Amino acid sequence: MPHCHVLPESSNLLSSPQTAVIMDHLIQRPLFPTPDKLDLVIPCLLASATGFLSHTLYFIRGFHDTSALRIILVHFTTFLCLTGYSITQLGVFPGLITSTAIALSYLTTLFTSIITYRLFFHPLRHIPGPFLAKITKLYGPYTARNGQMHLEQTKLFKKYGNFVRIAPNEVFMLSVEGIQKIHARDSGCRKLNAGIYDVIHFKGAHNLNSVLTREEHGPRRKIWERAFTTKALAIHEPKTREVCHRWLNKIASLNGQPINTSLFSLLIPFDHMGKVGFSYEFRSIEAGEENRMLHLLESLFGQFGRTGELCWPLSIAKDLNLGKESAEFDRLTMEMADRRAAEEDSNKGDILQHFLDDMRSEKPIAFFNKNIFYSDSALVLIGATDTIGVVLSYLFYHLARHRVYQDLLHSHIKKVYGETIPEEFTDRDLSKIPLLDALINETMRLDNPVANNGPRLTPPEGITVDGIHIPGGVAVRVPGYALHRSEEFYLAPEEFKPERWLDQAKFVKDREAFIPWLVGPNNCVGKRMGMAVVRLVLAYTVYSYTWNSAPGEDGKRIYSESKDNLILKAGTFNAVFTPREPRGLSYVPRQ
Ligand code: HEM
């Protein structure tokens with residue numbers, strides 16, 4: 001029987017003197033060979049020194065978010081090379097352990113050095129703020145966890161005062177002097193390396209809002225301004241009226257059913273910008289839902305909101321062409337821009353016409369290539385949809401809750417109905433009605449569309465605001481949402497009081513603290529059009545209808561579901577519209 005033989009043979013083997021030597025050796029050796037302790041000390045010390053030096057010589061200096069992919073690749077490649085080398089020299093396990101120990105020493109020292117510096121040596125250490133915000137930018141996504149960064153920031157100002165260190169190298173402030181020091185024409189603050197603008201571009205071409213230098217911004221802004229002169233606005237206005245009539249037709253067709261006014265508040269400016277920007281009909285008001293392009297736009301804004309404006313992940317996603325939706329939005333914008341560029345009747349007077357005129361001129365001053373054209377074409381939709389959308393959303397809401405203003409406004413606007421054009425309103429006539437602008441201003445004060453305003457980097461010499469010195473190379477902002485709700489600048493700031501804009505001495509403590517359009521060379525280039533659209537939509541609606549909260553609508557969701565996606569987005573609000581009496585004034589649907 002075979003195993004009868006094996007047993008005696010193996011027992012012979014086990015008892016032989018050679019086997020005893022081998023067994024002794026095996027028992028004394030550890031299961032996995034590890035490098036001798038002494039072998040690791042010097043490489044780990046060297047790695048720690050490298051970690052310290054890479055912080056003090058590289059990471060501490062400047063803005064590296066746009067180099068995130070390169071930084072990760074360099075570190076990863078170095079680790080792979082180190083591991084490969086260690087394995088060839090020491091064998092698999094000792095090699096792996098050695099390279100891991102070296103990497104950990106490097107990273108531990110790097111992060112210890114970064115955290116120690118940020119807490120105890122950083123020039124912003126005297127500015128109060130949450131502990132986590134002082135050591136990591138990840139505090140941004142943390143505040144954005146519910147998509148309501150604007151509310152979280154407002155709370156921080158209440159807790160820490162008017163200057164808050166919101167990230168290791170970033171200060172938010174509520175200050176009128178700060179607005180001028182950061183945004184005025186003579187300010188030394190710039191967008192380059194300040195944060196979010198650095199990562200907003202189309203294949204490297206920044207749009208007017210995200211261009212990083214004044215030299216590039218100036219000529220580009222000149223072209224944009226041509227699209228908003230009095231003459232240009234007169235060409236746009238009939239298109240705005242058409243959109244207003246489509247909105248009224250839609251209300252009529254829904255025949256008293258509840259309408260989510262926050263949804264239509266987005267569809268109206270989106271359709272409007274299709275017409276005014278591209279001479280294109282989206283017809284989403286008729287459809288009563290977001291089309292694919294608007295859906296993508298909203299989803300892209302949502303990404304900004306969710307990441308809390310943390311730039312390096314956005315930069316990596318861009319470098320790696322991740323993000324199907326972003327690519328699809330770019331593709332659709334290119335298609336729309338190309339379609340418009342190919343149209344034979346090029347003299348349409350829309351916004352793109354001005355871009356095309358410069359691009360096709362003998363000596364373009366700003367639109368030097370197609371990517372700039374695409375980038376700014378996208379901005380036409382981006383800049384004018386959600387901004388107007390949020391103002392209309394909250395106007396519908398406030399006026400439903402304060403019905404008295406609907407009737408009051410109606411009594412004012414009916415006087416200018418048909419004054420210039422039979423059976424129509426014009427923006428020129430409406431702009432003479434103080435109550436209308438007071439309602440719009442108060443809505444923008446309470447729910448400032450661009451909730452945070454973009455960051456700017458302080459010049460090398462720094463800036464001093466309200467006696468506080470902010471050193472050079474720091475990202476600074478004045479977030480409009482929190483500013484507009486501060487008791488320091490407004491009486492009863494949480495209340496909807498349009499009268500404050502009629503009798504400013506009473507309720508507005510400092511008029512300079514009202515910045516829905518921002519100030520300085522980067523203020524809103526579309527301000528006049530934005531106001532015109534909101535005035536016309538509101539006037540046509542109030543003239544023809546009254547509206548109330550729909551049954552079951554408690555008005556809470558418009559705030560609880562609101563999102564700070566760079567531009568504020570209102571939550572749902574359902575209202576029921578009733579044709580205004582007497583009958584003669586009710587709306588007769590038009591084609
Ligand atoms: C209620 C409506 C609007 C509001 C509240 C608003 C607000 C703002 C704000 C606060 C800025 C400065 C943002 C920053 O510094 O990053 C801005 C810039 C801009 N807005 Fe508007 N906007 C509105 C309507 C429009 C319209 C209708 C357009 C037309 C396309 C437009 C196009 C732009 C552009 C192109 C910029 C960049 C200007 C520059 O950097 O020179 N906006 N807007």
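Which polar side-chain atom lies 3.0 Å from an oxygen atom of the ligand? In this predicted model, that atom belongs to asparagine 522, and the ligand is a good place to begin our tour.

Asn522 has company there: among the 30 residues around the ligand, Asn522 comes nearest together with Tyr197, His217, Arg221 and Cys524. The side chain of histidine 217 also places an N or O atom 2.6 Å from an oxygen atom of the ligand. At glycine 383 it is the backbone that takes part, with an N or O atom 3.3 Å from a nitrogen atom of the ligand.

Now step back to the shell as a whole. Helix 10, spanning 214-226, and helix 18, spanning 370-401, each contribute at least two residues to it. Helix 18 gives the largest share, seven residues. By class, the shell has 18 nonpolar, nine polar and three charged residues.

Let's turn to the empty spaces. The structure contains two cavities of 30 Å³ or more. The largest has a volume of about 120 Å³, and here we meet Asn522 again: of the 15 lining residues, Asn522 lies nearest the centre along with Arg190, Lys191, Arg214 and Arg456. Helix 9 (176-183) and helix 10 are the elements that give two or more residues to this lining. Seven of the lining residues are nonpolar, four are polar and four are charged.

The second largest cavity holds about 30 Å³ of space. Its lining consists of Phe278, Tyr280, Met336, Arg339, Arg340 and Glu343. Helix 16, residues 324-342, supplies the largest share of that lining with three residues. Here the classes split into three nonpolar and three charged residues, with no polar ones.

Definitions and conventions: Residues are numbered from 1 along each chain as its sequence is written. This is a predicted model: local features need pLDDT of at least 70, side-chain atom pairs count only at pLDDT 80 or more; totals for chains, interfaces and linings use all residues. Side-chain values use heavy atoms; hydrogens and water are left out. A residue is near a molecule or strand if one of its heavy atoms lies within 4 Å of it. A polar contact is a pair of N or O atoms within 3.5 Å; within protein, one must be able to donate a hydrogen and the other to accept it, and residues adjacent in sequence count only if both atoms are side-chain atoms. Helices (H or I, at least four residues) and strands (E, at least two) are DSSP runs, numbered from the N terminus. Ala, Val, Leu, Ile, Met, Phe, Trp, Tyr, Cys and Pro count as nonpolar, Asp, Glu, Lys and Arg as charged, and the others, Gly among them, as polar. On a 1 Å grid over the protein atoms alone, a cavity is a set of points where a 1.4 Å probe fits but cannot get out, and a pocket is an open set with protein on both sides within 12 Å along at least five of seven lines; lining residues have an atom within 4 Å of a point. Grid points are joined across faces, edges and corners, and a volume is the space filled by probe spheres set on the points.
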